[in-house]
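Welcome, and please open the model in your viewer. We will go from stop to stop, selecting a few residues each time and looking at what surrounds them.

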Amino acid sequence: MRALCWNGVDELAVRTVPDPVPVNPHDAIVRVRLSTTCGSDLHFLGGYLPGMRAGDVIGHEFMGEIVETGSEVNSLRVGDRVVVPSFIGCGSCRFCDQELYSACDTTNPNAALQQPLLGHPSGGIYGYTHPFGGYQGSHAEYVRVPFADTNCFVVPEEVTDKQALFCSDAVPTGLMGAEFCDITPGDTVAVWGAGGVGLMAGHTSRLLGAERVIVIDRFDERLEVARRRFDAETIDYSAVDSVQDALLTMTGGRGPDACIDAVGMEGHGTGLQHLYDRAKQLLRLETDRATALRQAALACRKGGVVSVLGVYGVTDKFPMGVFTNKGLTLRTAQQSGQRHMPRMFDYIAQGDLDPTYLVSHDLPLEDGVRGYDLFKNDKRGCLRVVLRP
Ligand SMILES: NC(=O)c1ccc[n+]([C@@H]2O[C@H](COP(=O)([O-])OP(=O)(O)OC[C@H]3O[C@@H](n4cnc5c(N)ncnc54)[C@H](O)[C@@H]3O)[C@@H](O)[C@H]2O)c1
Ligand SMILES: [Zn+2]
Ligand SMILES: [Zn+2]
């Protein structure tokens with residue numbers, strides 16, 4: 001089959017690779033109809049996240065059609081149209097029982113690689129390094145889905161392929177981040193980052209009842225999407241002296257009730273702190289440029305919630321004292337899309353949310369290298385690239 005493969009830092013290629021085959025009776029093979037890019041891919045593409053090997057198939061957000069099921073798969077049939085969350089759950093461990101599928105204890109065969117760094121391993125994820133399980137990814141014609149009964153969700157008729165695609169990752173990540181904020185009527189939620197994740201976090205915060213949503217980025221094309229789609233107020237951080245001052249002014253001196261970081265380890269910034277982080281990141285003395293995380297903690301009102309969706313590794317100068325002295329709550333996780341699936345289908349079917357506004361490019365898989373070049377380097381023109389095998 002054809003697939004988009006990682007071949008080294010900033011080096012991708014579409015190659016012919018072996019078709020996946022079922023390796024246990026709970027597996028299904030899915031023929032991919034649509035797959036999409038994610039900001040998380042940029043972390044290993046740029047060499048910030050280690051653990052990829054030449055030839056690995058990348059991609060973890062996808063939907064498609066079941067073409068084969070193992071003998072123990074009960075709820076699915078060949079031909080079913082399904083969406084698959086990016087983290088893989090087993091459906092029966094202690095963590096899956098609590099709907100913490102991304103923390104599944106069973107699905108990461110390379111747990112030993114993660115344990116020293118994290119204390120405990122995460123679940124497995126498609127196309128996202130060997131410490132995260134070494135599973136082949138979704139920018140391909142076919143994907144093997146383990147524990148298919150837990151991980152394949154049949155898409156209702158009223159939800160289109162493209163809408164379903166984003167239920168794999170961008171929507172549940174945003175929704176999880178909004179839920180972390182414990183939104184009550186009258187609340188103001190600020191979101192750093194107007195990529196696919198930040199936009200879904202802002203939009204679902206609105207659906208959960210936030211009175212005001214303020215989105216922060218430096219690309220007006222992305223901020224415009226937030227203004228138009230969910231009536232957000234916006235801050236272009238490159239046009240203000242201080243994001244914190246801007247937020248204080250907008251909230252009567254109090255600060256937002258909750259702050260969502262949808263930027264992560266490759267945060268852009270200005271000034272000395274940014275140069276310090278860049279230098280340390282290049283020397284591999286820290287993995288993160290945590291500009292957004294630091295700003296979110298500083299800006300958040302006392303007793304508020306800092307909800308972190310951006311992916312981080314080792315963060316230097318983490319402002320712990322700010323959390324203690326302001327009584328902030330930090331909440332963060334990798335998303336467990338399985339948990340949110342019925343609710344997301346409802347939002348879409350009722351017309352409350354149409355995540356397809358994230359699609360700026362719809363390309364054949366064969367154009368995958370160009371797709372990632374656009375996604376990485378043209379933040380103004382490119383929001384999310386859909387790839388069609
Ligand atoms: N927790 C999860 O389960 C999960 C799931 C998906 C993605 N993610 C993470 O979410 C983050 C965002 O993903 P994405 O797909 O939206 O990425 P993206 O690259 O499309 O968007 C990131 C946005 O952040 C903006 N940004 C950079 N520095 C900023 C700053 N200092 N202040 C405000 N905005 C800034 C960029 O301009 C860009 O618009 C990534 O770190 C990704 O790994 C986490
Ligand atoms: Zn993702
Ligand atoms: Zn499990």
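Is His130 buried or exposed? With a relative accessible area of 11%, His130 is buried, because anything under 20% counts as such. Keep in mind throughout that this is a predicted model.

**Stop 1: His130**

Select His130 and you will find yourself in the loop that runs between β8 (124-125) and β9 (142-145). Now show the side chain of Asp56: the side chain of His130 makes a polar contact with it, at 2.9 Å. To fill in the surroundings, add Gly51, Met52, Arg53, Asn110 and Leu113, which His130 also touches once residues up to four places away in sequence are set aside.

**Stop 2: Gly79, in another loop**

Next, pick Gly79, in the loop between β5 (61-69) and β6 (81-84). Gly79 counts as partly exposed, because its relative accessibility is 40%. Beyond its neighbours within four places in sequence, Gly79 is in contact with Glu65 and Ile66. You can also draw a line from Gly79 to Gly64: their C-alpha atoms are 9.3 Å apart, and 15 residues separate the two in sequence.

**Stop 3: Leu199**

Move on to helix α7 (residues 196-207) and select Leu199 there. Its relative accessibility is 0%, so Leu199 counts as buried. Which residues is Leu199 in contact with, leaving aside neighbours within four places in sequence? Show Gly193, Ala194, Arg222, Val225, Ala226, Phe230, Tyr357, Leu358 and Leu383 to see them. For a link between distant parts of the chain, add Pro355: it lies 156 residues from Leu199 along the chain, yet 9.2 Å separates their C-alpha atoms.

**Stop 4: helix α9**

Select residues 243-250, which form helix α9, and colour its buried residues, Val243, Ala246 and Leu247. Turn the view until you look down the axis of α9: these buried residues fall within an arc of 95°, so they line one face of the helix. Among the elements that cover them are β11 (188-192), β12 (212-217), β13 (233-236) and α11 (291-299).

Both ends of the helix deserve a look. Ser242 caps the N-terminal end of α9, with a side-chain oxygen 3.3 Å from the backbone nitrogen of Gln244. After α9 comes Gly252, which has a positive phi, near 60°.

**Stop 5: helix α14**

Now select helix α14 (residues 368-377) and highlight Gly368, Gly371, Tyr372, Leu374 and Phe375, which are buried. They cover an arc of only 160° around the axis, so they sit on the same side of α14. What do the buried residues of α14 pack against? Show β1 (2-8), β2 (11-16), β3 (28-36), α1 (39-45), β17 (359-364) and β18 (384-388) to see their partners.

**Stop 6: the second largest pocket**

Finish with an open space. To find the second largest pocket, select Leu118, Phe132, Val311, Tyr312 and Gln334, which lie nearest its centre among the 37 residues of the lining. This pocket holds about 1,100 Å³ of space.

Which element gives the most to the lining? It is α3, with three residues. Colour α3 (111-118), α6 (170-180), β16 (329-332) and α13 (337-349), each of which supplies at least two lining residues. If you colour the lining by class instead, you will see 21 nonpolar, 13 polar and three charged residues.

Terms used. Residues are numbered from 1 along each chain as its sequence is written. Chains are lettered from A and ligands numbered from 1 in the order in which they are written. This is a predicted model: local features need pLDDT of at least 70, side-chain atom pairs count only at pLDDT 80 or more; totals for chains, interfaces and linings use all residues. Side-chain values use heavy atoms; hydrogens and water are left out. Buried means under 20% relative accessible area, exposed over 50%, partly exposed in between (1.4 Å probe, protein chains only). Helices (H or I, at least four residues) and strands (E, at least two) are DSSP runs, numbered from the N terminus. The arc is that of the directions from the helix axis to the C-beta atoms. Contact means heavy atoms within 4.5 Å. A polar contact is a pair of N or O atoms within 3.5 Å; within protein, one must be able to donate a hydrogen and the other to accept it, and residues adjacent in sequence count only if both atoms are side-chain atoms. On a 1 Å grid over the protein atoms alone, a cavity is a set of points where a 1.4 Å probe fits but cannot get out, and a pocket is an open set with protein on both sides within 12 Å along at least five of seven lines; lining residues have an atom within 4 Å of a point. Grid points are joined across faces, edges and corners, and a volume is the space filled by probe spheres set on the points. Ala, Val, Leu, Ile, Met, Phe, Trp, Tyr, Cys and Pro count as nonpolar, Asp, Glu, Lys and Arg as charged, and the others, Gly among them, as polar.
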